[in-house]
Amino acid sequence: MELGERKLKILTAAIEMYIRTGEPVGSKALASCLDHAVSSATIRNEMAELSAMGYLEQPHTSAGRIPTAQAFRLYIDRLMHRHPLSNEDRQAIDQLLSTFAGDPDKLVGEASQALAASTGCAAVTTTPSLQSSGIRRIEVLRVSPRAAALLLMTGSGALRSRVCRFDADVDEQLIERLSNALAANFTGKPPADIGLPQVQRLMVSLGEDGLRCASALTAFYELAQESAEADVLLSGQLNLLRHPDYELARARELLSFLSRREQLIRMFSASPGGLHVLLGSESPRPELDGSSIILTSYHLGDQAEGSIGLIGPLRMDYAAAIPRLEYFAQAVGRLLSELLGEDG
């Protein structure tokens, strides 16, 4: 059944009042909110019909009504007017993040923390999984007669490193040959495509030097595997305990789920690009029933991308949170692209 203009206006007012107060909304309060353009009696009748249609529900202990997930879905998709960020807010975000523009990992982590602090929700950020983005740089540096440091720069600009030890002394010439061989064979290749067979073939091609460098080649393979996996950063999860919407048992269940890194990565990595809002049971996990997720992507040029999102109660201020989330994503993508020399 199509909702008429009056029902839509009443439903919008009820949702926005509930977001502000957290209290069930009654007809008198709505009449006042609408400047008494509609009588309380008419609003009561319309609210009864909206309840029958699944948009409002009535808690047992209250005469007022609260919006359902179905109502929030309609609100987000059709009724909501976003609150654009002020120039002051944009400048503050840019100034904060630019401090960490030279370190991709710190930049993404700081964005997650600042987003959580400014919204009162939990923020989840994933680094790019680099399934298709190639390795930018590989170096091997001799740090002692029997040790070397492997440096691998990923397509996101993140620098991975590992120290490996040799069974006998190695000289600069051997390290330089190993470094050149790794760079020639694997620069530009996606880390996910680097398997043991390729590393073993390189070891064979190096002959006796390959056997002497076995530990370094193993360390390189492990670094490539780490770089191929997305990482997840979680900030502000304790903010969820401050929301009266969550009963203690529900909050504990949600926090337990958020502590499982692999499940978060799977859920966020499976989401398509662009902005998405998952409400309650729309989420793939039962622990998120009663919560909402706002998720979007940040891009590094036209290649790799990561996800950045908010998790909070169904009664979230979407009109304010969505523009803030989108600006953080744009700022992170812009700074990373500038760092890596991408056109964007």
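Analyst: Helices here are DSSP runs of H or I with at least four residues, strands are runs of E with at least two, and both are numbered from the N terminus. The model is predicted, so local features need pLDDT of at least 70 and side-chain atom pairs count only at pLDDT 80 or more, while totals for chains, interfaces and linings use all residues. Residues are numbered from 1 along each chain as its sequence is written, and side-chain values use heavy atoms, with hydrogens and water left out.

User: Where does leucine 335 sit, in which helix?

Analyst: Leucine 335 is buried, at 11% relative accessible area (buried means under 20%, exposed over 50%, partly exposed in between, with a 1.4 Å probe and protein chains only). Leaving out residues up to four places away in sequence, it touches Leu97, Ser98, Ala101 and Leu107 (contact means heavy atoms within 4.5 Å). The element that holds leucine 335 is helix 13.

User: Leucine 335 and glycine 102 are 233 residues apart in sequence, so how many Å separate them in space?

Analyst: Sequence doesn't tell you much here, with the two positions 233 residues apart. Going C-alpha to C-alpha, leucine 335 and glycine 102 are separated by 8.7 Å.

User: Which helix gives the most to the largest nonpolar core?

Analyst: A nonpolar core is a set of buried Ala, Val, Leu, Ile, Met, Phe, Trp, Tyr and Cys residues joined through side-chain atoms within 4.5 Å. The largest one has 61 residues, and Leu11, Leu30, Leu97 and Tyr318 have the most contacts inside it. Twelve of its residues come from the top contributor, helix 13.

User: What does alanine 319 touch, beyond its neighbours within four places in sequence?

Analyst: Alanine 319 is also in helix 13, and at 1% relative accessibility it counts as buried. Its C-alpha is 44 Å from that of leucine 151, 168 residues away along the chain. Setting those sequence neighbours aside, its contacts are Tyr75, Met80, His81, Arg82 and His83.

User: What distance lies between the end C-alpha atoms of helix 10?

Analyst: Helix 10 covers residues 214-228, 15 residues in total. The expected span is 1.5 Å times one less than the number of residues, so it should span 21 Å. The model agrees with that, since the end C-alpha atoms are apart by 21 Å.

User: Which elements do the buried residues of helix 10 pack against?

Analyst: The buried set is Ala216, Leu217, Ala219, Phe220, Leu223, Ala224, Ser227 and Ala228. Their partners are strand 4 (137-144), strand 5 (147-153), strand 6 (159-165), helix 7 (172-186), helix 8 (196-205) and helix 9 (208-212).

User: How many disulfides does the structure hold?

Analyst: A disulfide is a pair of cysteine sulfur atoms within 2.5 Å. Cysteine 164 is in no disulfide, as its nearest cysteine sulfur, on cysteine 213, is 8.2 Å away. Cysteine 164 is buried at 4%, whereas cysteine 33 is partly exposed at 35%. The disulfide count is zero.

User: What is the radius of gyration of the protein chain?

Analyst: It is taken over C-alpha atoms, and the globule rule is 2.2 Å times the number of residues to the power 0.38. For 344 residues, a compact globule would come out near 20 Å. The C-alpha trace spans about 90 × 40 × 35 Å along its principal axes. The radius of gyration of the chain is 26 Å.
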